[in-house]
Each structure stands twice: as structure tokens, then as C-alpha cells.
Amino acid sequence: MSTISGSRTLHRLIYASRNTIPAIDLNEEIGAIIRASIRRNREVAIGGLLLVHQGHFLQVLEGPAEAVLTTYGRICDDPRHTDTKVLGAGPAAKRAFAEWNMCARRITPADDAILDTLSMRTAFEPNRLTAGSALRLLQAVRGIQDRTQLSAMR
Ligand SMILES: Cc1cc2nc3c(=O)[nH]c(=O)nc-3n(C[C@H](O)[C@H](O)[C@H](O)COP(=O)(O)O)c2cc1C
């Protein structure tokens, strides 16, 4: 019983990692990650957002607990990044990225306000963020993307 209800609980996991993809291959590899993510996340009702910036990834995954943990396990084994660090994981009251199957977003100079807010204009070190500030950053990025739809890869 508890396993069943536990697996149905909405779970949110936020992690940071360092990108190991050679710069020349970045666009192609990010595209491949997004395509695989859209396909696989849809099957297990996971939503989220992947942020790619200055050699780092910051990603939020939301969905049924079991699906989030299985997906995160697979992501951790991916050699396209390293030093994965969970910033926060646990039950969430409601989805903050409900309409997002998975998209990637690169922070552009136009988004400097976001980094200013987080005092990270000079160095983006998502592995040092608290779960709360990481979530606020990802929500701010989602907000900008909702408004502009520019540079978005969905
Ligand atoms: C930074 C990063 C984020 C990823 N995010 C997801 C994701 O949200 N969902 C997913 O299924 N795979 C994600 N992947 C890709 C997985 O590691 C894996 O390549 C993909 O799920 C395909 O697995 P398969 O070959 O076993 O089907 C991500 C990979 C990286 C490097």
C-alpha cells in the first residue's frame, strides 16, 4: 500500500552537474538529450527544465517518485556530464513545470537580470545553490521562456 501511494506522490528533484561535452558538439548533443528526454519523460509523466550555462547543467525533474528516481539514475550514468549533485529532492505539492515535457534553455546576455538576482553574473556555480534558489532560478528562466519563446528548444 505505502509503496503504491508513495510512487504516486509528486516528487521533485533538482540537481547540478558539470558538462563534459566538447564545445563543438554542444548543440548537437543538447539536441539529442532533449529528443531522448521528451520521448522518455512523456512515457512516465515527467516534466521539468534543463538549463545549460557556462559548462554546467541545472535540471529539475517532476513526476511520480519512482519515475523521477529511475530517470535520475539513468541521467547520472550519462558520460556527457560529471559531478552530479542533488540540490534538493522530495515530495512537492504541485507541479511547477506542469506544461513542460522537457526543454533546454541557454541563458543569454538578455537574461543577465536573472543571474544578477542570484549574484552569479561572474561565475555560474549551480552546484552551490540551495534547492530554493535553484528552483527560483529555474522558474525565472521558465517565465522568460514563456514570454519570449526565443532561443527555446522544445
Ligand atoms: C544533463 C542531462 C540531462 C538529461 N535529462 C534527461 C531526462 O530528463 N530524461 C531522460 O529520459 N533522459 C535524460 N538524459 C539522457 C539520459 O542520460 C539517456 O541518455 C536517455 O534517457 C536515453 O536513454 P536510453 O538510451 O537508455 O533510452 C539527460 C542527459 C543529460 C546529460
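Trainee: Before we start, what does "exposed" mean here?

Mentor: Exposed means over 50% relative accessible area, buried means under 20%, and partly exposed is in between. Keep in mind that this is a predicted model.

Trainee: Thanks! Why is Arg128 called exposed?

Mentor: Its relative accessible area is 65%, and the cut-off is over 50%, so Arg128 counts as exposed.

Trainee: Then why is Glu125 called partly exposed?

Mentor: Glu125 has 33% relative accessibility. That value falls between the 20% and 50% limits, so partly exposed is the right label.

Trainee: What makes Arg128 and Glu125 a salt bridge?

Mentor: Their closest N and O atoms are 3.1 Å apart. The limit is 4 Å, so the pair qualifies. The structure holds five salt bridges.

Trainee: How do you know that Glu29 and Arg80 form one too?

Mentor: The same kind of check works: the closest N and O atoms are 3.0 Å apart, and the criterion is within 4 Å. Glu29 lies in helix 2 and Arg80 in the loop between helix 3 and strand 4, so the pair ties together parts that are 51 residues apart in sequence. Glu29, at 25% relative accessibility, is partly exposed, and Arg80 is partly exposed at 24%. Glu29 and Arg80 also belong to a network of salt bridges with Asp78.

Trainee: What makes Arg12 and Glu62 a salt bridge?

Mentor: A distance of 2.8 Å between the closest N and O atoms, set against a 4 Å limit. Arg12 sits in strand 1 and Glu62 in strand 3, 50 residues apart. Both Arg12 and Glu62 are buried.

Trainee: Why is the aromatic pair of Tyr15 and Tyr72 called tilted?

Mentor: The ring centres are 5.2 Å apart, within the 6.5 Å limit, so the rings pair. The angle between the planes is 50°; under 30 degrees would be stacked and over 60 edge-to-face, so tilted is what remains. Tyr15 is in strand 1 and Tyr72 in helix 3, so this pair ties together parts 57 residues apart in sequence. Both Tyr15 and Tyr72 are buried.

Trainee: How do you know that the charged end of Arg142 is within reach of the ring of Phe97?

Mentor: The charged end of Arg142 is 5.5 Å from the centre of that ring, and the distance limit is 6 Å.

Trainee: Lastly, which residues are closest to the centre of the largest pocket?

Mentor: The pocket has about 340 Å³ of space. Of its 18 lining residues, Ile33, Ser37, Ile75, Asp78 and Arg80 are the closest to its centre. Helix 2 gives the most to the lining, with six residues.

How values were computed
Residues numbered from 1 in each chain as written. Predicted model: local features only at pLDDT ≥ 70, side-chain atom pairs only at ≥ 80, totals over all residues. Heavy atoms only, no water. Phe/Tyr/Trp six-rings, centres within 6.5 Å; stacked < 30°, edge-to-face > 60°. Helix = DSSP H or I, 4+ residues; strand = E, 2+ residues; numbered from the N terminus. Buried < 20%, exposed > 50% of the residue type's maximum accessible area, 1.4 Å probe, protein only. Lys NZ or Arg CZ within 6 Å of the ring centre and 35° of its normal. 1 Å grid on protein atoms, 1.4 Å probe; cavity = no way out; pocket = protein on both sides within 12 Å on 5 of 7 lines; lining within 4 Å. Points joined across faces, edges and corners; volume = space filled by probe spheres on them. Salt bridge = Lys/Arg side-chain N within 4 Å of Asp/Glu carboxyl O.
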